[in-house]
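Me: I would like to go through this model with you, one question at a time. Please reason from the structure before you give each value or name.

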Amino acid sequence: MLRPHLGVRQQEPPGEAWSPPPECRQESPALTEAAAEFLRLIGPEELERCLFAETLEVVAAGDQPRDRAGGQRWAAARWAPYERAGEPVRSCLLVQAGCRSRQDGVPSSSTLKAYVTPQLETLEQEEQERLELRAHPIERRTHMVSHQHGMTVTKTLREGEVRLRGGSLPSAPQKGHILGRGEAQLACPTQGCSQAPEGAVPGDDGAVAVPRSGRVSPQAEPQCRSFSYGRAEMRGLLPEGASLLLLRVLACRQAVPSGLIFPAIDTEGHLCTSSYRALGIQRQVVGSVDAEVFVIERAVHTSTGISTMWHSSFLPSGRLARLVQVGCPMLVLLQDESVLGETGGADPWPPFPKQPLDWEEDIQLCSWFLDRKEELQASHATYIQQHPELRALLADFLQALLLQQPCDPVSFAAQFFARQQPPGTPFASTVAASPPPCHPPANGE
């Protein structure tokens with residue numbers, strides 16, 4: 001789903017006063033009987049219809065200029081194995097989604113990766129959101145993993161730039177990595193960095209970057225919090241990955257049972273409730289075609305009384321046609337009208353769209369580029385200093401090339417360097433006669 005953008009203040013729905021259902025105001029969020037029955041009735045055929053990839057455009061909502069917001073949102077689901085140390089391999093649904101957009105000239109991005117069982121039970125999920133402010137970027141990560149006692153949720157918030165120019169770089173940085181092959185549980189990035197030099201900043205993969213100034217702003221320190229919940233509290237939990245599958249199932253059915261309320265986890269890592277209800281059939285333009293869509297409202301209700309709502313419009317095939325987060329200045333639209341004739345079904349392999357990469361606007365990628373550029377320049381300068389014969393070799397070749405002016409410079413270069421003696425012997429370019437020129441030399445001799 002399209003999470004609330006960092007720095008965007010949520011607004012109340014327009015129109016008459018709106019209040020969450022009574023079941024959503026309970027102190028301890030619990031699965032309703034209607035929701036439990038709905039999960040039991042989801043069959044494998046319905047899930048097969050939900051296994052596809054889709055790409056939509058992010059545009060400005062309302063009367064705002066379209067150039068003030070733009071980007072792409074994509075989502076895909078497929079069968080995949082899930083491995084964990086000491087447990088047999090399980091076949092589950094791998095849900096992946098991402099969104100990259102620009103609001104008021106500020107790039108933002110979010111990614112989602114989740115392993116979900118056919119009963120929509122979340123085994124593991126990781127979300128990452130980043131607001132790429134040049135002076136003060138903000139990154140938020142949420143990792144949740146289920147175990148025999150329940151579920152552990154780890155929240156990591158980082159404000160300020162971490163990797164500064166001039167620091168060391170990892171050989172292969174990993175972004176959005178999720179466990180599932182017997183690896184250790186996600187921990188705070190500062191763990192194990194007690195011996196780092198003063199002013200060092202630990203990275204996601206354990207590498208340490210040290211700024212030339214030797215000083216790091218305290219705002220660059222990541223803040224980690226963990227929450228643990230028992231299995232009774234997790235019954236019927238529906239995080240973002242499972243919610244995406246649920247919405248596709250509801251869209252294919254073209255119906256939402258009443259009282260469909262599930263436990264969920266809010267952006268702060270606390271338990272809350274999420275409700276689903278149908279808003280009916282509406283008409284919407286997809287590309288240049290007027291299509292019929294089924295609209296579903298999803299609302300997340302926190303214990304503080306704040307609710308966040310999304311209105312999702314689906315085609316009969318279960319594909320998303322429009323997504324609006326109430327109070328957000330952006331919305332997601334389907335522009336490809338070629339999908340209107342599809343009836344749904346599993347793709348052999350989700351064709352993940354190529355994401356636009358504006359590396360000059362991405363602070364972290366730009367920092368990696370500049371560091372690598374300086375590293376290569378220093379390496380090249382060192383090599384030239386260690387081999388002073390290079391200058392004489394190149395100067396001699398250019399001199400012979402300009403004097404002879406051959407018709408085929410490539411063949412001339414091959415013959416010229418083939419005549420050179422092995423290293424350690426006196427350098428001489430006039431050991432053998434030069435090949436004859438194809439025209440008189442420039443000096444007329």
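Me: In which helix do glutamate 375 and arginine 372 both lie?
Reply: This is a predicted model, in which local features need pLDDT of at least 70, side-chain atom pairs count only at pLDDT 80 or more, and totals for chains, interfaces and linings use all residues. Residues are numbered from 1 along each chain as its sequence is written, and side-chain values use heavy atoms, with hydrogens and water left out. Helices (H or I, at least four residues) and strands (E, at least two) are DSSP runs, numbered from the N terminus. Glutamate 375 and arginine 372 are three residues apart, about one turn of the helix, and the helix that holds both is α5, residues 363–386.

Me: How far apart, N to O, are the side chains of glutamate 375 and arginine 372 in their salt bridge?
Reply: A salt bridge is a side-chain nitrogen of Lys or Arg within 4 Å of a carboxyl oxygen of Asp or Glu. Buried means under 20% relative accessible area, exposed over 50%, and partly exposed in between, with a 1.4 Å probe and protein chains only. Glutamate 375 counts as partly exposed because its relative accessibility is 45%, and arginine 372 is partly exposed with a relative accessible area of 42%. The N to O distance in their salt bridge is 3.1 Å.

Me: Which residues are joined into one network by salt bridges that share partners?
Reply: Glutamate 139 in strand β6 and arginine 158 in strand β7 are 19 residues apart, and the pair links distant parts of the chain. Their closest N and O atoms are 3.2 Å apart in a salt bridge. Glutamate 139 counts as buried because its relative accessibility is 6%, and arginine 158 counts as buried because its value is 7%. Salt bridges with shared partners make one network of Arg130, Glu139, Arg141 and Arg158.

Me: Is histidine 149 buried or exposed?
Reply: Histidine 149 lies in the loop between β6 (138–147) and β7 (150–159). Not counting residues up to four places away in sequence, histidine 149 touches Tyr229, Gly230 and Arg231, where contact means heavy atoms within 4.5 Å. The C-alpha atoms of histidine 149 and arginine 231 are separated by 6.0 Å, although the two residues are 82 residues apart along the chain. Because its relative accessibility is 58%, histidine 149 counts as exposed.

Me: Which helix gives the largest nonpolar core its largest share of residues?
Reply: A nonpolar core is a set of buried Ala, Val, Leu, Ile, Met, Phe, Trp, Tyr and Cys residues joined through side-chain atoms within 4.5 Å. The largest such core has 54 residues, and those with the most contacts inside it include Leu245, Leu246 and Leu250. The largest share of this core, eight residues, comes from residues 240–253, which form helix α4.

Me: Which residue in the turn between β14 and β15 has a positive phi?
Reply: Two strands pair if DSSP finds at least two bridges between them. Strands β14 (residues 307–314) and β15 (residues 320–325) run antiparallel and are joined by five bridges, and phenylalanine 314 has leucine 320 as its bridge partner in β15. The two strands form a hairpin with five residues between them, and the turn residue with a positive phi, about 95 degrees, is glycine 318.
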